[in-house]
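User: Could you take a close look at the empty space inside this one for me? I'd like the cavities first, then whatever else helps me place them.

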Amino acid sequence: MDLGIKGKKAVVCAASKGLGKGSALALAREGVDLVINSRTEETLEATADEIRKETGANVVAVACDITTPEGRAAVLEAAGDVDILVNNAGGPPPGNFRDWTPEDWHKALNANMITPIELIKATVDGMIDRKFGRVVNITSAAVKSPIPILGLSNGARTGLTGFIAGLSRETVAHNVTINGLLPGPFDTDRLRGNLKLQAEKAGKSYDEFAASQAAVNPAGRFGNADEFGAFCAFMCSAHAGFMTGQNIVLDGGAYRGTL
Ligand code: NAP
């Protein structure tokens, strides 16, 4: 299926690894020009090279922290007119809310709510003028089914989702859609790091613990970044103009609600 976005310009944030990289690669396979970002220059450049080699796409790499005003300005300057925006950043740490200070909350809100809103603010009017725009916010399945130790994430990402629920209805008449893509467990560095810590606490080997966690998912496995990216690319496609304000859970069926 041709997604109809060849030659469009996409900004994919936090894209040197994991779900951001999967999304960037899937868009590049569709002939989209990319600006990708993450903080570590070496990893980012290696990813940009890998994407160029596989797809032949134009890829500009901007190494910076997307949660800072300077970082966002650098990415936006490199991009020019943005047709597709994939918002992503690292997730807040786990913990107990009794230990969190207002500063911890501000950090989580900045990374996982205000940063995507700032990037949308900078790009959405241009998308409206050009009558095409796709915004995908990578959030978390925790938006639908909160994870107790990830309270900072549950709170900040749900705040973003509530804001988008309103804005996305204002933009869709201009063929500008804004949706959330909500990962459950995906086999990325982040998941592997979390599993390693939990395995150590449980006194188990990584492989044994990871296999037990994968087995409790209805799919019997974790997701992979390629299948996440393919979904993201479809949500950014020319065919997806009638879907806005939605929150698509990709979790192998782990969320047990009927709807
Ligand atoms: P990952 O494999 O650890 O990759 C994270 C990427 O984000 C890296 O490229 C990292 O590069 C970049 N990054 C982190 N902080 C950044 C910042 N401030 N500015 C720019 N780039 C930044 O993580 P992932 O699994 O793909 O997760 C992506 C998002 O999905 C996270 O918010 C995570 O909480 C959420 N999520 C993931 C899962 C899962 O199972 N994987 C489930 C639910 C939600 P640098 O470190 O070099 O900046």
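Analyst: Before the cavities, a word on residue classes: Ala, Val, Leu, Ile, Met, Phe, Trp, Tyr, Cys and Pro count as nonpolar, Asp, Glu, Lys and Arg as charged, and the others, Gly among them, as polar. With that in hand, the lining of the largest cavity splits into six nonpolar residues, six polar ones and one charged. Keep in mind that this is a predicted model.

Now the search itself. Rolling a probe the size of a water molecule over the atoms shows where empty space is left. Across the whole structure, two cavities of 30 Å³ or more turn up. The largest holds about 90 Å³ of space. Its lining counts 13 residues, and those closest to the centre are Asn-87, Asn-88, Ala-89, Ala-111 and Pro-116. As for the elements involved, α4 (102-130), β5 (133-138) and α5 (151-171) each put at least two residues into that lining. The top contributor is α4, which gives five.

The second largest cavity comes in at about 30 Å³. Around it sit Asn-137, Thr-139, Leu-160, Thr-161, Ile-164, Asn-179, Gly-180 and Asn-247. Sorted by class, that lining has two nonpolar residues, six polar ones and no charged ones. Here α5 and β6 (176-183) each supply at least two residues, and α5 gives the most, with three. So what do the two linings have in common? Helix α5 supplies at least two residues to the largest cavity and also at least two to the second largest.

Asn-137 is a handy landmark here. It belongs to strand β5 and is part of the lining of the second largest cavity. Asn-137 counts as buried because its relative accessibility is 2%, and the cut-off for buried is under 20%. From Asn-137 you can also get your bearings on the largest cavity: the C-alpha atoms of Asn-137 and Pro-116 are 7.4 Å apart, with their positions 21 residues apart along the chain. Pro-116 is one of the residues closest to the centre of the largest cavity.

Ala-89 is the other landmark, since it takes you over to the ligand. Ala-89 is among the residues closest to the centre of the largest cavity, and it is also one of those that come nearest to the ligand, along with Ser-16, Arg-39, Thr-40 and Thr-188, out of 28 residues around it. A polar backbone atom of Ala-89 lies 2.5 Å from an oxygen atom of the ligand. Thr-40 uses its side chain instead, with a polar atom 2.6 Å from a ligand oxygen. For Gly-184, a polar backbone atom is 3.1 Å from an oxygen atom of the ligand. Taken alone, the ligand exposes 890 Å², and the protein buries 90% of that.

The shell around the ligand draws at least two residues from each of α1 (18-29), β2 (33-38) and α6 (189-202). By class, the residues of that shell are nine nonpolar, 13 polar and six charged.

There's open space to mention as well. The second largest pocket has a volume of about 150 Å³. Its lining runs through Pro-185, Phe-186, Asn-217, Ala-219, Arg-221, Phe-222, Gly-223, Glu-227, Phe-231, Leu-250, Asp-251 and Gly-252. That works out as six nonpolar residues, three polar and three charged.

Back to α4, the helix that gives the most to the lining of the largest cavity. Trp-105 has its place in α4. With 30% relative accessibility, Trp-105 counts as partly exposed. If you want a sense of the distance to α1, Trp-105 and Gly-22 are 29 Å apart, C-alpha to C-alpha, and 83 residues apart in sequence.

Lys-131 sits in the loop between α4 and β5. Lys-131 counts as partly exposed too, because its relative accessibility is 46%. Its backbone is worth a look if you check torsions. Most residues other than glycine have a negative phi. Lys-131, though not a glycine, has a positive phi of about 65°. Ala-14 also has a positive phi, about 50°, and is not a glycine either. You'll find Ala-14 in the loop between β1 (9-12) and α1.

Conventions. Residues are numbered from 1 along each chain as its sequence is written. This is a predicted model: local features need pLDDT of at least 70, side-chain atom pairs count only at pLDDT 80 or more; totals for chains, interfaces and linings use all residues. Side-chain values use heavy atoms; hydrogens and water are left out. A residue is near a molecule or strand if one of its heavy atoms lies within 4 Å of it. A polar contact is a pair of N or O atoms within 3.5 Å; within protein, one must be able to donate a hydrogen and the other to accept it, and residues adjacent in sequence count only if both atoms are side-chain atoms. Accessible areas come from the Shrake-Rupley method with a 1.4 Å probe; for residues, only the protein chains shown count as cover. Helices (H or I, at least four residues) and strands (E, at least two) are DSSP runs, numbered from the N terminus. On a 1 Å grid over the protein atoms alone, a cavity is a set of points where a 1.4 Å probe fits but cannot get out, and a pocket is an open set with protein on both sides within 12 Å along at least five of seven lines; lining residues have an atom within 4 Å of a point. Grid points are joined across faces, edges and corners, and a volume is the space filled by probe spheres set on the points. Buried means under 20% relative accessible area, exposed over 50%, partly exposed in between (1.4 Å probe, protein chains only).
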